Amino acid sequence: MSAPPLPADSAGLAGRYAIIAAGSVAAATWNQAVGLPDAWPRTWRGYGARLGDQAGFAVAEEALRAGIGVLVPWHGGRSPCPQARRGHPLGRRVAAATRCAVHDRLVAQNAAGEARPNVPFLGAVAGASAISLAWRPERADARKGQLFVASRIGIVLAGAVAKGMWEAWREQP
C-alpha cells in the first residue's frame, strides 16, 4: 500500500500548508471576535487556545487523511463540469457547480476506477472533529460535544464544497 500522492513539487505542498495555516488563523480570529467557545476568555490567552484548537484540528485532519489514504487508497478527482460554462443561465451554472463540487468532494475512485465514498476525506474530517473535542470545553457535556462535532463536520464539508464550486465556476470558459 502506498500513501496518497502528494503534490509533484514542494511548492505545491508548501502552498497547501500555507493555506491550511492561513485558514487556521482566520478561523481562530473569527472565533475570538464572536467569543466562541465562551469558556475561553476573549484575551490573548483565549486567542491562543482558539488558535491551538484550529491548528490541532488541521494537524489531526492531515494525519488522518494520510493514514486512511494508506489503508484505503482511493483517490478523489475533479470531474469536468460543462454545465457551469458561461452562456448558460446563471441559476443553471450555480446548480451545476454545486452538483460537481459535492460529487468531487464526497466521491472517490478505487483502483478499478469504481466510484466509492471518499473515505479518506470524510474519515479525516469526522475523526479530526472528534479528536479535537479532547481539548475543547464542550467535552464536559455530551450534548454540547455532539453538537460541536456535528457543527465542525458541517462547516468543513460546506467549506470544501464552496471551494469546489469556486474551482468549477472559475475554470469554465
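The exercises below, each with a worked solution, concern a predicted model of a protein chain.

**Exercise 1. Overall layout**

Describe how many helices and strands the protein chain has, in which pattern they follow one another, and what the chain's extent and surface are.

Solution. Begin with the elements: the protein chain contains five helices and two strands, and along the sequence they are arranged as α-α-α-β-β-α-α. Next, take the extent, which for the C-alpha trace is about 50 × 45 × 35 Å along the principal axes. Then turn to the surface, where the accessible area is about 10100 Å² and carbon and sulfur atoms account for 67% of that area. As for burial, 31% of the 173 residues count as buried. Finally, consider the contacts between residues at least 6 apart in sequence, of which 62% join residues at least 24 apart.

**Exercise 2. The surroundings of Q32**

Determine whether Q32 is buried or exposed, and work out which residues it touches.

Solution. First, place the residue: Q32 belongs to helix α1, which covers residues 10–34. Second, apply the cut-off: Q32 counts as buried because its relative accessibility is 15%, and buried means under 20%. Third, list the contacts beyond four places in sequence, which for Q32 are P41, R42, T43, G46, Y47 and R50. One of these, G46, is 14 residues away from Q32 in sequence, while the two C-alpha atoms are 7.5 Å apart in space. Another, Y47, offers its backbone nitrogen, which the side chain of Q32 reaches at 3.4 Å.

**Exercise 3. A peptide bond in the loop after α1**

State what the geometry of the peptide bond from L36 to P37 is, and where P37 is found.

Solution. The bond from L36 to P37 is cis, with an omega near -15 degrees. For background, most peptide bonds are trans. P37 itself is found in the loop between α1 and α2, the latter being residues 44–71.

**Exercise 4. S132 in helix α4**

Find out how accessible S132 is, and which atoms and residues surround it.

Solution. Start with the location, since S132 lies in helix α4, residues 119–132. Its relative accessible area is 0%, so S132 is buried. A polar atom of the S132 side chain is 2.9 Å from the backbone oxygen of S129. Beyond four places in sequence, S132 touches D53, F57, F148 and R152.

**Exercise 5. The cavity and S79**

Identify which residues line the largest cavity and which elements contribute to that lining, and then examine S79 as one of the lining residues.

Solution. The structure holds one cavity of 30 Å³ or more, and the largest cavity has a volume of about 40 Å³. Its lining is formed by R78, S79, C81, C100, A101, D104, R105, G164, A168 and E171. The elements giving two or more residues to this lining are α3 (90–106) and α5 (142–171), and the largest share, four residues, comes from α3. Sorted by class, the lining has four nonpolar, two polar and four charged residues.

Now turn to S79, which sits in the loop between α2 and α3. Its relative accessibility is 27%, and therefore S79 counts as partly exposed. Apart from neighbours within four places in sequence, S79 is in contact with H103 and D104; D104 is also among the residues that line the cavity. To close, compare sequence with space for S79 and R170, which are 91 residues apart along the chain and have their C-alpha atoms separated by 14 Å.

Note on methods: Residues are numbered from 1 along each chain as its sequence is written. This is a predicted model: local features need pLDDT of at least 70, side-chain atom pairs count only at pLDDT 80 or more; totals for chains, interfaces and linings use all residues. Side-chain values use heavy atoms; hydrogens and water are left out. On a 1 Å grid over the protein atoms alone, a cavity is a set of points where a 1.4 Å probe fits but cannot get out, and a pocket is an open set with protein on both sides within 12 Å along at least five of seven lines; lining residues have an atom within 4 Å of a point. Grid points are joined across faces, edges and corners, and a volume is the space filled by probe spheres set on the points. Ala, Val, Leu, Ile, Met, Phe, Trp, Tyr, Cys and Pro count as nonpolar, Asp, Glu, Lys and Arg as charged, and the others, Gly among them, as polar. Buried means under 20% relative accessible area, exposed over 50%, partly exposed in between (1.4 Å probe, protein chains only). A polar contact is a pair of N or O atoms within 3.5 Å; within protein, one must be able to donate a hydrogen and the other to accept it, and residues adjacent in sequence count only if both atoms are side-chain atoms. Contact means heavy atoms within 4.5 Å. Accessible areas come from the Shrake-Rupley method with a 1.4 Å probe; for residues, only the protein chains shown count as cover.
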